[in-house]
Amino acid sequence: MKRYLLKRLAMSIVTLWAVITITFILMHSVPGNPFAAESKMPKVVYENLQKKYGLDKPLTEQYFIYLGNLLKGDLGDSMKSRVETVNDMIERGFPVSARLGVQALLIAICFGPALGAFAALYQNKLPDYISMIIAIIGISVPSFIMGTVLIQFVARNVDWLPIGGWGEFKHTILPSFAMALMPMATMARLMRSSMLEVLGQDYIKTAKSKGITRAAVILKHAVRNAILPVISVLGTTISNLLVGSFVIEKIFGIPGLGMFFVKSINNRDYTLIMGTTIFYAAILITMLLLVDIAYMFIDPRIKLTKEGR
Amino acid sequence: MSKKFLTLMSLLLVMAIVVTGCSSPAKEPAPSETPSTEAPAETPSTGEKKILRTNNSSEPGSLDPALAQGTHESWILSNTFEGLMTYDQEGKVVPGIAESYELSEDNLTYTFKLRDAKWSNGDPVTAHDFEFSWKRALDPELAADYAFQLYYIKGAEAYNTGEGSVDDVMVKALDDKTLEVTLEAPTGYFLELTAFYTYYPVSKNVVEANPDWAKTPETHISNGPFKLVTWEHNAYIELEKNPNYYAADQIKLDGIHFDIIEDENTAWQKYEGGEYDILATLPQAVAAQMSAENNPELVIGNQVGVYYYNLNSEIKPFNNAKVRNALSMAIDRTVIVEKITQGGQMAAEGAVPYGLTDETGGEYRDKVGNLIVEDPAKAKQLFEEGLAEEGMTVEDFNKAGFVLLFNTLEAHKKIAQAVQEMWRTNLGINIGIENVEFQVKLDREKAGDYHISRGGWTGDYMDPMTILDLWLTGGAFNDARYSNAEYDKLILEAKGTADQNIRFNNMREAEKILMKDMPIIPVYFYTQPYAVKPNVEGIYKLPIYYPTITYANIK
């Protein structure tokens, strides 16, 4: 197991390095540069700026300088902000996005599987249709529409709910819901189908025939088996939610990390592009690693149940 | 392994209970922090203080005047700093930190006498601060984007470009209250420039002691009507009245709260929901609707800006003035401003927008007149003549697959489609339209890799020169690659003289030449529609600035 972990860790580092290198090459091969604004900036000032950020050096040299700094944990200065470094921006933006992400995750986990389980128990009856309509809306309505709808119909009518902005708990309520909808719906659908499968299993019949109450059968036997597929999607869901959503953050005016992913590219803010990409890649790789480790524990259990059957 | 399995299962069980338990009581989800977040009881106290609330649509890149680049910085800076000169409500340049000034016989040397003004930390504002600030903005090490705004000062360009020494920059504090500036050439609008943000002073003591002074509110020392008290990055900025400001009695607000919300629609929702007193950028559809309803909250602000199309004169047949003029004549600008932009924009009458004054103090455009001709029939004739001169036919033109390039934005697309249709019906030509990302458009324009491209320019100072010097041969933003010796001569002569008659005569002549050659097709003059709540007074707009909120009052 130790060997497996070490191997996985080494693979992760190689993956991260590949992400860094590919991003670096792609970023420098698209047209445009951070200082090409519509202003009358003379050539020399432009060159001063290039020099200040080391862009006058050959690309390979820039690449190795960047890698060197990265090893020291220094992501460099943003080329657009003269106030914050890339490290500052991530340190400030990540907690904001992560807070929304955690809240959205809690909402999704609270309601998604429950909705799915509920639907499965009342298969092809009214509750099933209602839950699945909610899930389909959640999956198919894009978040920018959901955000706008929430602002228009909820925030505008509920006095204490702000329309957008940041600062207090009340600012986080609507965006958390808007972000939660998609993962919640996904979980609900996954839960419904796996629950239906589990409910048809022999051991549920056995449990029922033993005279256990319906509630106990569902809670102790059905739900805890059916929830496994939901857990397997948590790795990507968590990393996506944690780093924030560009759309939600833009619509609700939230100072999170999600904004930087798109804005950095529009501005050709090279250091910020690299910083956010590396950060996201690192989180994603870590999460996938954790899920894989979790599988190692789950694996024998699956064998066990198979044997038990 | 089975023990681990059991722990995992029990964990899952706990989770399952949480899951099912969660669904029945409809609890408020996830109060991730203690109730203290709900607590801050700010509501009762705000009734006392007059805080103007609005939105600054983008995070400032810096609140150091030397490093500022655009409106998202200058709107905050113009409320926290003041230059030697400033503007009054009518847009006239009046003394600010300077009390008076003298100009030498040769129109080259200004001597400013400073009033008794103070920094927000109580220190006096001295001429040494100005000398320090301007030289600092020119320091190549600082790499300030807007340093070129100081090139009017003798020796400034050489120092900024690394060819001269800081000691040769001709700005000098003669004593604490006297500043002497010598210019490279007589500049008719130099006083206006001293009201521009690159010319704002910073405190020599503060900046020398702490190079990072502009990054935190505690060390951000300014000399204007307000001072910075909070800067939550990407969230909001709060200003508080500066009691040390020399004209503090004229300031009625206790503070200004700027949200930083990029989404125009969200900001509009907040304005409509009563969370803002003024909103300076409106979604285009909102402005159009307010305008149609004659909503009294809407103000159509003047703006010195022109929206135009570049014609790449290095590509046949756009090298032909007849072809270029025909393309211009075939456009119905009234339809564009009335049916598409709908924000009170004006059909272009030349390259220089309305709102600038001439040598007599009157409107600049009055003496030039409307230089734009719209005549579809004549356009077609001229177009065919021009093509024939280049040995082309309309079929050749259509086969060449010319494309109109613009940066991705719904508003640009609508105008491009309308123009495409006007050219098709009036000239019988097919021009494709292509949208690319803004940075890509700039790159392609610089490389000359385009046929027709959308351009736009807003003035940096209140003089027609802010627009007209764009098309000097080889100019950095002469994307049309226009070159006319006579035009260059007129513009350069106007730039080098303080004689207002010569300056304005030359600029008028130059604009006429430009519109005869038509290297760019002006489409419309910009406006800035903004919205103000009825209980707010004292907000007005000067053409090159965002609405002035400094002297606002909330009733």
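**Helix crossings and salt bridges in a predicted model**

Student: Let's start with α4(A) and α7(A): is their crossing left-handed or right-handed?
Tutor: Keep in mind that this is a predicted model. The axes of α4(A), residues 86-121, and α7(A) come within 5 Å and cross at roughly 35°. As for the hand, α4(A) passes α7(A) in a crossing that is right-handed.

Student: And how many nonpolar residues sit in the contact of α4(A) with α7(A)?
Tutor: Split the contact by class. Five of its residues are polar and two are charged. The nonpolar class holds 25.

Student: α7(A) also meets α5(A). Are those two parallel, antiparallel, perpendicular or oblique?
Tutor: Start from the geometry: α5(A), residues 126-140, and α7(A), residues 169-199, pack at about 135°, their axes 8 Å apart. Angles over 145 degrees would count as roughly antiparallel, and 65 to 115 as roughly perpendicular. An angle of about 135° falls in neither range, so α5(A) is, relative to α7(A), oblique.

Student: What hand does the crossing of α5(A) and α7(A) have?
Tutor: On the α5(A) side the contact includes A:M132, A:I136 and A:I139, and on the α7(A) side A:L181, A:A185 and A:R189 are among the residues. By class, this contact has ten nonpolar, two polar and three charged residues. The way α5(A) passes α7(A) is left-handed.

Student: Over in chain B, how are α18(B) and α19(B) oriented to each other, parallel or antiparallel?
Tutor: α18(B) covers residues 485-495 and α19(B) residues 500-517, and they pack at about 155° with axes 8 Å apart. Anything over 145 degrees counts as roughly antiparallel. That is why α18(B) and α19(B) are, to each other, roughly antiparallel.

Student: How many charged residues are in the contact of α18(B) with α19(B)?
Tutor: This crossing is left-handed. The contact draws on residues including B:E486, B:L490 and B:E493 of α18(B), and B:R503, B:M507 and B:E509 of α19(B). By class there are nine nonpolar residues and one polar, and the charged ones come to four.

Student: Back to chain A for the short helix α2(A). Which helix do its buried residues pack against?
Tutor: In α2(A), residues 43-52, the buried ones are A:V45, A:N48, A:L49 and A:Q50. After the helix comes A:G54, with a positive phi near 70°. The partner of the buried residues belongs to chain B: they pack against α5 (156-160) of chain B.

Student: Next, A:G147 in α6: buried or exposed?
Tutor: A:G147 lies in α6 of chain A, residues 143-155. Leaving aside neighbours within four places in sequence, A:G147 is in contact with A:I251 and A:F252. Its relative accessible area is 0%, and the cut-off is under 20%. So A:G147 is buried.

Student: What is the C-alpha distance from A:G147 to A:T236?
Tutor: In sequence, A:G147 and A:T236 are 89 residues apart. In space, their C-alpha to C-alpha separation is 22 Å.

Student: On to charges: which residue forms a salt bridge with B:E374?
Tutor: The structure holds 31 salt bridges over all chains. For B:E374, the closest N and O atoms of the pair are 3.1 Å apart, and the partner is B:R333.

Student: How far apart in the chain are B:E374 and B:R333?
Tutor: B:E374 sits in the loop between α12 and α13 of chain B, and B:R333 in helix α11, so to speak distant parts of the chain. B:E374 is partly exposed at 36% relative accessible area, whereas B:R333 is buried at 0%. The sequence gap between them is 41 residues.

Student: Which helix holds both B:K380 and B:E384?
Tutor: These two form a salt bridge, with closest N and O atoms 3.3 Å apart. B:K380 is partly exposed at 36%, and B:E384 is partly exposed at 37%. They are four residues apart, about one turn, in chain B's helix α13.

Student: B:E445 pairs with B:K441. Are the two buried or exposed?
Tutor: Their closest N and O atoms are 3.0 Å apart. Being four residues apart in α16 of chain B, they are separated by about one helical turn. Both B:E445 and B:K441 are buried.

How values were computed:
Residues are numbered from 1 along each chain as its sequence is written. Chains are lettered from A and ligands numbered from 1 in the order in which they are written. This is a predicted model: local features need pLDDT of at least 70, side-chain atom pairs count only at pLDDT 80 or more; totals for chains, interfaces and linings use all residues. Side-chain values use heavy atoms; hydrogens and water are left out. Buried means under 20% relative accessible area, exposed over 50%, partly exposed in between (1.4 Å probe, protein chains only). Contact means heavy atoms within 4.5 Å. Axes are lines fitted to C-alpha atoms, for helices over the stretch in contact, and angles run from 0 to 180 degrees between N-to-C directions. Angles under 35 degrees count as roughly parallel, over 145 as roughly antiparallel, 65 to 115 as roughly perpendicular and the rest as oblique. A crossing is left-handed if the near helix is turned anticlockwise from the far one by less than a right angle, and right-handed if clockwise. Ala, Val, Leu, Ile, Met, Phe, Trp, Tyr, Cys and Pro count as nonpolar, Asp, Glu, Lys and Arg as charged, and the others, Gly among them, as polar. A salt bridge is a side-chain nitrogen of Lys or Arg within 4 Å of a carboxyl oxygen of Asp or Glu.
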